[in-house]
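The following exercises concern a sheet and the helices that accompany it. Please examine the sequence and the model before reading the solutions.

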Amino acid sequence: MPLPPAPIAPDDETHWAAVRARYAVSPDFINLENGFFGVQATPVHEAFQRYQAELNRENSYFLRVRFPERLANVMRLLAEFTGAAPDELHITRNLMESLNILIQGYPFAAGDAVLMADHDYDSVIDTLEMVAARKQLELIRVRLPLDPDSDEQIVDIYEQAITPRTQVLLVTHLWHRTGQIMPVQKIAAMARRHGIDVMVDAAHSFAHLDYRLAELGADFVGVNLHKWLGAPLGVGLLYIRRERIVDIAPLFGDVRPDAGDIRKLGHVGTVPPAPILAVEDALAFHHAIGARNKEARLRYLTQYWLDRVRGLPGVRILTPRASERSCAIAAFAIDGIPAAQVVAHLMARHRIFTVVRDIADSGQAVRVTPHLYIGTGELDALVAAIAELAASNRRAA
Ligand SMILES: Cc1ncc(COP(=O)(O)O)c(C=O)c1O
């Protein structure tokens, strides 16, 4: 792996303005909804377009002759980045494909239980419910505090919900609803003591937080590369610890590879190679910024607007107070105004784009997700808009 670049202060606006200049985004609105997928930085997008043009020129020669070697290089780079071996990784189309391979292929027996949380991702919960109905599994859901006191509190809540039939614990590393970060290593260590397998939904944490996937202590991890790594849409990753590959049955028909070969899980048919090849460029861009610098800047941006909004009468923050428990994603609500109305108002009046998210027992909230191309000026506009809306709501009440 390239050596990390020099540390950059998260509030060094001159430096971060130069990073911003490497993204070409719409000037028509302020995009604070970067939680769906990531804008590709310009060098990544240009590389992607070049690969697409090469593919179109060379057709099957590209895919049959040139692609395998280049794919092997992408796998090598991903292995370096994640700390896993290339034969423990498989490129998928997105996180949902990775988790479907895991959940549908896991050797559950009728009566087994799966432990999960209310704040996990809706489609992952749907997949578990579907498999639970087919295989007669019990799903046990815990509710976690929005502002936990400690990692131990979280680990305890999961541990208390374990039964003798619990086989798998599903944990979302970074919640897409409020941005809360789970202490995955500690949860995985606890689960291991009970002989329970851990599946991690790392959709939002990967290349957002500075960590290495193989260090999470989980045998099964799903990732998408089109969120925070900034690869083109349509690339995800699956990690399975080598010794456990044999335990997962293929979701897509393939009887040729051995049971211990991760490629047995990947027979989805013809896939577009350009997004996969652009992973190399996305990794290079990520390394040039520096994983630690990126995480610190994203956290700084979130804390910047939260600090200015927290304490405004009628405004509730649903993201943990301790800054290390979140990063780029945070959520707020204004008492008495439905979140959808806040989102509509922000866009119509201020050209600020956000999104509504359900927060289990706390109703709905407005999720705000800046990216590296967002600066403090845009966050000042958000803060002013929230303050004005909360104040006019109080006056009307
Ligand atoms: C926590 C979480 N899990 C899973 C997903 C699904 O990711 P994908 O659409 O790439 O499969 C998302 C997407 O927003 C997410 O936020």
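**Exercise 1: two helices**

H10 and H11 are oblique to each other, because oblique covers the angles left over when under 35 degrees counts as roughly parallel, over 145 as roughly antiparallel and 65 to 115 as roughly perpendicular. The model is predicted: local features need pLDDT of at least 70, side-chain atom pairs count only at pLDDT 80 or more, and totals for chains, interfaces and linings use all residues. Residues are numbered from 1 along each chain as its sequence is written.

Task: determine at what angle the axes of H10 and H11 cross, and which residues meet.

Step 1. The axes cross at roughly 120° and come within 11 Å; axes are lines fitted to C-alpha atoms, for helices over the stretch in contact, with angles from 0 to 180 degrees between N-to-C directions. Helices (H or I, at least four residues) and strands (E, at least two) are DSSP runs, numbered from the N terminus.

Step 2. Val342, His345, Leu346 and His350 of H10 meet Ala381, Ala385 and Leu389 of H11, contact requiring C-beta atoms, placed from the backbone, within 7 Å.

**Exercise 2: the sheet**

Task: state the strand order of the open sheet and identify the edge strands.

Step 1. The four strands follow the order E9-E10-E13-E12, with antiparallel pairing; two strands pair if DSSP finds at least two bridges between them.

Step 2. Strands E9 (315-317) and E12 (355-358) are the edges, each pairing on one side only.

Step 3. E12 is joined to E13 (residues 364-368) by four bridges, and valine 356 has valine 366 in E13 as its bridge partner.

Conventions. Two residues are in contact if their C-beta atoms, placed from the backbone, lie within 7 Å.
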